[in-house]
Amino acid sequence: MAAIRKRENKDGTESWLVQIRIKGSESINRSFPTHLEAEQFCRSEESRLRRDQNQKIKGDPRQFSNEIFTDTIRAWIEKNPDNKKRIFQLQTVLRHFGNIRIGMIDEDYVQEYIDKMLKTKNRNGYEFAPGSINQHFAAMSVIYKWRAKQLRVPAGDLPFKTSFLPKGWNEGRDRRLEPSEEQRLRARMRCAKENRHHWRLLLNLALESAARYQELFLAEWKHVSIERRNWHIPKENCKTRKARDIPMSKKMIRTFKMLELLRDPNEPRVFHPFKTKVGTSATFFYFLEECKIKDFHFHDLRHEAISRMVLYKRDLNMFEIMRIVGHSSIKMLDRYANLRSHELADRMG
């Protein structure tokens, strides 16, 4: 913006002060003897500054538009190898998004991708959930804007809207593990050809601690203290990136003591026989299929565990349970504690 102000000089004459300030450019202050000269300078100098700024900021939009989006994703992954969570999401996108140029990505293409993914099974045998697809687009949006910034072109947003997803997609799951299902699952784990003891103890710990799958898979002995009845989960293992401590119940102590008997002194992880998260998750899904347990995910064990805490850990108040399971609000706890009506009736009785 340019401003012209009249001012009186010490000798009694008048002059006109020009001040030009444009964001990203150096400010200019000049004085002129007449208002006409000041106006002429303003017009020419403002025009020059804006022209220089545009040349500095703007790149070639055609280069951005003509890039294959999956190539751009690969370039981002190469520059950000430590962002494991986002890379995991983007690897799924690379397998399914197609070799389309950025400028060709429109709402129709986005809707086709969503429709296809809702019918596509992931590595665990489940069809991709709308929430997972939403995360795909959140990750893609980061790469989209990252590349536009690199090329100095206006990016806008990917043509994706959550309204493209099925109605009610963001409603929380309320799947619980039925007693008969738990019995069948335990029986199947006892018959596993490999690591049957670890599978049984993993299930015990999941149902008693309400820990997430990643937290269980990455658990290390250096963070476990049976003497102090405490299992520390470091922030790098937590979804929320906030460390927390889980106090051990008697069942958890028994579980960790049995795991100690199976401990490998050369392995830091508690569940060391499980080598990869994807492979372990796939085996769990295989157990579910053999037991004819439908529409159940490993994460549903967390729902089950939290529901049991609310129902049966009567010495714990809501805020203590939130601290243990890593929830930051009562609303989130309520979303996970899916209480059955007959269980509440038993409490009333």
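Contact here means that heavy atoms lie within 4.5 Å of one another. The structure on screen is a predicted model, in which local features need pLDDT of at least 70 and side-chain atom pairs count only at pLDDT 80 or more, while totals for chains, interfaces and linings use all residues. Residues are numbered from 1 along each chain as its sequence is written, and side-chain values use heavy atoms, with hydrogens and water left out.

**The whole chain**

Begin with the whole protein in view: among contacts between residues at least 6 apart in sequence, 61% join residues at least 24 apart. The protein has 15 helices and six strands, where helices (H or I, at least four residues) and strands (E, at least two) are DSSP runs, numbered from the N terminus. Its radius of gyration is 30 Å, well over the 20 Å that the globule rule gives for 349 residues, so the protein is more spread out than a compact globule; the radius is taken over C-alpha atoms, and the rule is 2.2 Å times the number of residues to the power 0.38. Taken along the principal axes, the C-alpha atoms fill a box of roughly 100 × 50 × 50 Å. Of the 349 residues, 42% are buried, a word that stands for under 20% relative accessible area, with exposed over 50% and partly exposed in between (1.4 Å probe, protein chains only).

**The sheet of three strands**

Next select residues 224–225, which form strand E4, and residues 230–233, which form strand E5. These two strands pair in the antiparallel sense over two bridges, and two strands count as paired if DSSP finds at least two bridges between them. Val224 has Trp231 of E5 as its bridge partner. Between E4 and E5 the hairpin has four residues, and there Arg229 takes a positive phi near 55°.

Add residues 244–247, strand E6, which pairs with E5 in the antiparallel sense over four bridges. Asn230 has its bridge partner in Pro247 of E6, and Ile233 has its own in Arg244. The open sheet therefore runs in the order E4-E5-E6 with antiparallel pairing, and E4 and E6 stand at the edges, each with a single partner strand, so one side of each is left without a neighbour in the sheet. Show the side chains of E6 to see them alternate: Arg244 and Ile246 point to one face and are buried, whereas Asp245 and Pro247 point to the other and are not.

**A residue in helix H6**

Move now to Ile133, in helix H6 (residues 130–151). Is Ile133 buried or exposed? Ile133 is buried, with a relative accessible area of 0%. Leaving aside neighbours within four places in sequence, Ile133 is in contact with Tyr113, Ile114, Met117, Leu118, Phe128 and Leu165.

**The second largest pocket**

Finally, select Leu207, Glu208, Ser249, Lys251 and Lys313, which lie nearest the centre of the second largest pocket among its 19 lining residues. Helices H7 (179–190), H8 (196–209), H10 (250–261) and H12 (300–312) are the elements that give two or more residues to this lining, and H10 gives the most, with six. A pocket is an open set of points on a 1 Å grid over the protein atoms alone, where a 1.4 Å probe fits, with protein on both sides within 12 Å along at least five of seven lines, and lining residues have an atom within 4 Å of a point.
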